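Hi,

Here is the structure I promised to pass on to you. Have a look at it below, and then read on for what turned up in it.

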Amino acid sequence: MDIDLSQFSQVFFEESLEGLDIMESELLEINIDNLNHESINTIFRAAHSIKGGSATFGFNQVANFTHLLETLLDDIRDGKRQLSALHVDMLLQSVDILRAMIDALMNDSEYQSEQLQSLSAQFEQQLAQQPTSEQSEQLLEANTQESEAQETNTQETSTEEKAQLDAADTQATLWQIRFVPGVDILRCGNDPSYMFTELQQLGKYHIKLNDVSYPGFDDFDPEVCSLQWTITLLTDSPLDRLKEVFEWVEDECQLDYLTLERNPEQEATWFSQQPSQTAEANNNDQATEQLDLGATETSNANTDGIAEFDFSQAVAEAFNFDDEITSSLNDAIEPSAPIKEPSAKLSKPSAQQEQASTAPANNSLLAEVADLTVIQAIDADNPTQATSTNDGAAKQTSTATKQAVTKTSESSSTIRVGINKVDQLINMVGELIITQAMLGQIGQQETIDDDMMLDLRMGLEQLSNHTRELQESVMKIRMLPISFAFNRFPRLIHDISKQLGKKVDLVFNGEETELDKTVMEKIVDPLVHLVRNALDHGIEMPEVRRAQGKSEMGTISLNAYHRGGAIIIEIIDDGAGLNTKKIRAIAEQKQLISASDNLADDEINQLIFHPGFTTADEVSDLSGRGVGMDVVKRNITDLNGTINLQSQSGQGCKITINLPLTLAILDGQLVRIGEHIYVVPLVAIHESLQVTANQVNQLGNNQEVIHLREEFIPLVRIYQQFNHAPDAKQPQDGIVMIVDNNDKKVGLLVDELLSQQQVVIKNLEDNYTKIAGVSGATILGDGTVALIIDVNSLAQLAGIGVNKDHAA
Amino acid sequence: MKKILAVDDSTSMRQMVSFTLKTAGYEVAEAADGQEALLLAKANQFDLVISDINMPVMDGITLIKELRALDAYKFVPLLMLTTESSPEKKQEGRAAGATGWIVKPFNPDQLLATARKVLG
């Protein structure tokens with residue numbers, strides 16, 4: 001059988017990575033003092049599956065390493081070993097290493113690391129410690145046995161081949177196996193005929209049903225096996241191979257293996273019967289003759305109380321519940337016995353071939369063997385060939401695996417979607433097709449009367465409903481619960497708090513809140529940064545906390561929820577809060593603000609988002625608050641999101657991120673400037689209003705501001721930025737939209753507000769080029785292209801940024 | 001056509017077993033845990049069940065016990081697919097009524113040879 005195992009690799013990788021995630025989260029939640037058995041089971045199962053799969057699919061490095069984990073976990077599961085903090089730590093490290101290994105395999109490269117060796121050594125050291133020394137010895141023994149068995153397998157194969165070449169069986173051993181099955185053997189689905197068939201493949205074979213205390217019809221219980229056999233077998237196979245045949249039942253049976261002196265005459269009698277039955281195809285006359293002979297012999301033997309007949313017949317007897325053994329003995333000659341089926345012949349070519357060499361005198365046999373050899377050559381599935389090519393096959397498989405991996409890594413970005421979401425999608429498409437058919441019918445009419453016009457309108461309405469629902473369904477496919485992003489934090493917190501000696505409790509709220517996959521991918525890094533900061537700089541050391549009357553255990557909360565068309569993510573810590581004084585001092589030093597500036601604490605705190613701003617005295621390997629905060633902010637802004645920071649000295653810090661649910665679709669406000677239409681993201685808009693001339697003030701540097709409710713809001717005349725001819729040149733003639741620009745407000749001057757609608761975002765950079773002030777484009781219902789305004793970059797374009805000019 | 005039920009919580013392993021058996025001309029149904037398997041087995045008559053041992057919801061040993069208790073599966077070969085080849089595990093399986101076992105890792109040929117052994 002030529003099966004390319006590499007086709008399962010990708011599934012195995014995905015599954016293993018999932019298993020590792022499960023292991024990790026279970027390990028992080030584990031309570032060493034009060035061990036949850038189900039949790040250990042879950043971890044064990046994950047390791048166990050990875051080991052089984054990796055061994056099967058040929059990833060030996062993974063298999064060998066997971067074997068160590070599995071052994072340790074098995075001991076713990078069975079209560080033979082106490083789980084320690086060290087174990088948890090080792091297992092967590094293993095998760096990392098295994099992830100790296102699988103990543104390497106997915107990229108068709110090899111994983112190499114000293115960490116693997118040292119961790120493996122650590123596992124072995126742990127495993128070597130009592131109480132499992134005995135067990136590991138057993139394991140070792142089992143392994144050796146296994147490899148020995150494999151060796152004998154290969155030896156066996158080569159001997160077989162040799163025997164074929166030499167056409168001599170001088171090395172074969174004559175075995176006599178006495179097989180007394182336990183009475184319950186049938187009740188576990190074992191059938192002696194399986195074993196006989198298998199033995200038959202090993203060499204020349206003869207079976208005899210022993211004298212048995214047959215219960216008679218009245219007491220006969222078909223579920224009880226009351227037969228026993230003596231099998232004579234001439235074979236090259238070692239004893240281990242013979243025992244393997246009975247491996248499944250050895251404990252329930254009495255099995256004696258005896259070696260007999262070779263006796264050609266005896267052998268001729270024993271082994272003459274069996275081939276006679278298979279020979280019929282080649283030489284019918286001779287076969288019939290032999291069969292007749294066999295029948296006579298058998299019935300003779302039976303009068304002595306010993307039945308001597310074909311095994312299949314014996315089994316057939318037992319299962320036919322026939323109390324008249326003798327009467328049905330003649331049936332043995334009937335071609336219905338399984339051994340006469342072509343498949344039986346095919347499955348034992350080696351046995352037949354060997355017979356050819358040992359009984360060269362028998363012409364019919366030779367002819368038969370010649371025939372069989374041809375069949376063997378055709379039948380690639382036969383077991384003998386399969387074993388002998390095992391090695392080659394394994395090599396082929398591993399090369400094939402590599403190829404497949406290269407193939408799949410090209411399209412590595414996949415998404416797992418719940419079947420219900422796909423079903424919903426298919427439903428919607430079905431509805432759409434029905435509507436289309438209905439509209440199509442109307443379209444075929446030459447004239448349209450009023451009734452049909454009504455139908456047409458209804459159809460179009462349905463079409464738009466279905467389209468919207470379909471769109472929603474499609475969007476849902478890309479939506480994943482934010483737990484995908486949150487899941488990495490327990491581990492992060494575990495590692496960092498250990499490194500820093502801090503105690504932290506991580507709390508999640510709203511993990512099930514869904515977010516678009518692309519947004520999720522881009523938000524993870526900023527979140528990691530923020531959580532790490534909260535732990536590194538926010539949460540104080542336990543003794544400091546105690547001194548302040550707080551509990552030693554700090555809390556970091558990650559909250560997610562939907563608000564409008566956006567998702568809000570909050571990172572809240574109950575640590576020290578920002579050091580506003582220090583931030584101010586640094587800002588002054590960097591001349592971001594001047595000493596005379598009168599700023600609220602909140603305003604000062606926002607300065608940590610300024611590029612290159614840092615409050616850390618030394619840059620540790622964990623980033624300082626401020627290092628990279630500008631990058632965090634930029635990443636979020638690039639996602640059309642906003643970030644907000646609130647800090648209270650000694651109470652903690654709260655960071656709020658506001659993100660659009662998806663990057664593919666946007667709720668937009670269409671606005672007109674002259675003959676051009678632009679889209680402004682709805683989330684950015686605070687309000688739109690008509691201003692009066694006296695609300696507009698001129699500041700230095702040509703900066704106009706709108707005076708609105710105690711606030712001065714800088715104004716951007718969009719037509720100036722984009723060089724359009726507007727209807728309204730003055731703010732009071734048009735409409736001013738107050739929009740959000742990095743938590744500061746900006747007024748945009750437009751001519752007219754049009755409709756609000758969802759627009760599909762098309763990337764301008766991919767299709768054209770990046771344009772300042774614009775984040776993308778969309779296609780409107782009439783087919784025209786409208787640009788989507790990026791408020792932040794537009795404000796920058798107009799010379800409004802987060803700097804002291806603006807703060808002043 | 002002989003019908004086989006393949007039970008494993010690992011998708012890749014299940015796919016491999018199923019694919020191999022299908023290629024050899026068997027009809028194969030799949031289940032991801034013992035409970036799923038039991039429901040399928042009650043609704044259909046399989047000629048062979050090959051089941052993993054370690055599975056969530058219902059493990060393989062329990063599945064074998066449950067199946068063996070059903071009249072329809074009294075004599076049907078039930079094979080354990082396992083990486084655990086310890087004597088205790090085998091004994092546990094046999095006590096539950098398992099016909100035999102296939103030790104992981106195995107290659108498609110070994111799997112087919114074992115299936116043929118019990119299906120004839």
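**Aromatic rings**

Let me start with a group of rings: Phe8(A), Phe12(A), Phe13(A), Phe57(A), Phe59(A) and Phe19(B) make up one aromatic cluster. Please keep in mind that this is a predicted model. Over all chains, the structure holds 13 aromatic pairs. One of them joins Phe13(A) and Phe59(A), a tilted pair with 5.3 Å centre to centre and 40° between the planes. The two rings come from distant parts of the chain: Phe13(A) belongs to helix H1 of chain A, while Phe59(A) sits in the loop between H2 and H3 of chain A, 46 residues apart. Both Phe13(A) and Phe59(A) are buried.

Another pair is Phe179(A) with Trp229(A), and this one is stacked, at 6.0 Å centre to centre with 25° between the planes. Here, too, distant parts of the chain are linked, with Phe179(A) in strand E1 (residues 173-180) of chain A and Trp229(A) in strand E3 (residues 229-235) of chain A, 50 residues apart. Phe179(A) counts as buried because its relative accessibility is 0%. Trp229(A) is buried as well, with a relative accessible area of 1%.

**Where the two chains meet**

How many residues does each chain bring to the contact? Chain A gives 40 residues and chain B gives 42 residues. About 3500 Å² of area is buried between chain A and chain B, and carbon and sulfur atoms give 55% of that. Between chain A and chain B there are zero salt bridges, but six residue pairs are in polar contact, with both residues at pLDDT 80 or more.

On the side of chain A that touches chain B, at least two residues each come from helix H1 (9-29), helix H2 (37-57), helix H3 (60-77), helix H7 (192-200) and helix H8 (239-245) of chain A. H2(A) gives the most to that side, with 10 residues. The residues on this side of chain A divide into 16 nonpolar, nine polar and 15 charged.

**Salt bridges**

Side chains of opposite charge can pair when their charged atoms come close. The count over all chains is 28 salt bridges. In one of these, Glu70(A) pairs with Lys51(A), and their closest N and O atoms are 2.9 Å apart. This pair links distant parts of the chain, since Glu70(A) is in helix H3 of chain A and Lys51(A) is in helix H2 of chain A, 19 residues apart. Glu70(A) counts as buried, at 6% relative accessibility, and so does Lys51(A), at 13%.

Lys517(A) and Glu521(A) form a salt bridge too, with the closest N and O atoms 3.0 Å apart. Both lie in helix H22 (residues 517-538) of chain A, four residues apart, which is about one turn of the helix. Is each partner buried or partly exposed? Lys517(A) is buried, with a relative accessible area of 17%, whereas Glu521(A) counts as partly exposed at 48% relative accessibility.

Glu552(A) forms a salt bridge with Arg546(A), where the closest N and O atoms are 2.6 Å apart. Glu552(A) is partly exposed, with a relative accessible area of 26%, and Arg546(A) counts as exposed at 51% relative accessibility. Finally, Asp21(A), Glu24(A), Asp96(A), Arg99(A), Arg491(A) and Asp495(A) are joined into one network by salt bridges that share partners.

Best wishes

Methods. Residues numbered from 1 in each chain as written. Chains lettered and ligands numbered in written order. Predicted model: local features only at pLDDT ≥ 70, side-chain atom pairs only at ≥ 80, totals over all residues. Heavy atoms only, no water. Contact = heavy atoms within 4.5 Å. Buried area = accessible area lost by both parts, 1.4 Å probe. Salt bridge = Lys/Arg side-chain N within 4 Å of Asp/Glu carboxyl O. Polar contact = N/O pair within 3.5 Å; in protein donor to acceptor, adjacent residues only side chain to side chain. Nonpolar A, V, L, I, M, F, W, Y, C, P; charged D, E, K, R; others polar. Phe/Tyr/Trp six-rings, centres within 6.5 Å; stacked < 30°, edge-to-face > 60°. Buried < 20%, exposed > 50% of the residue type's maximum accessible area, 1.4 Å probe, protein only.
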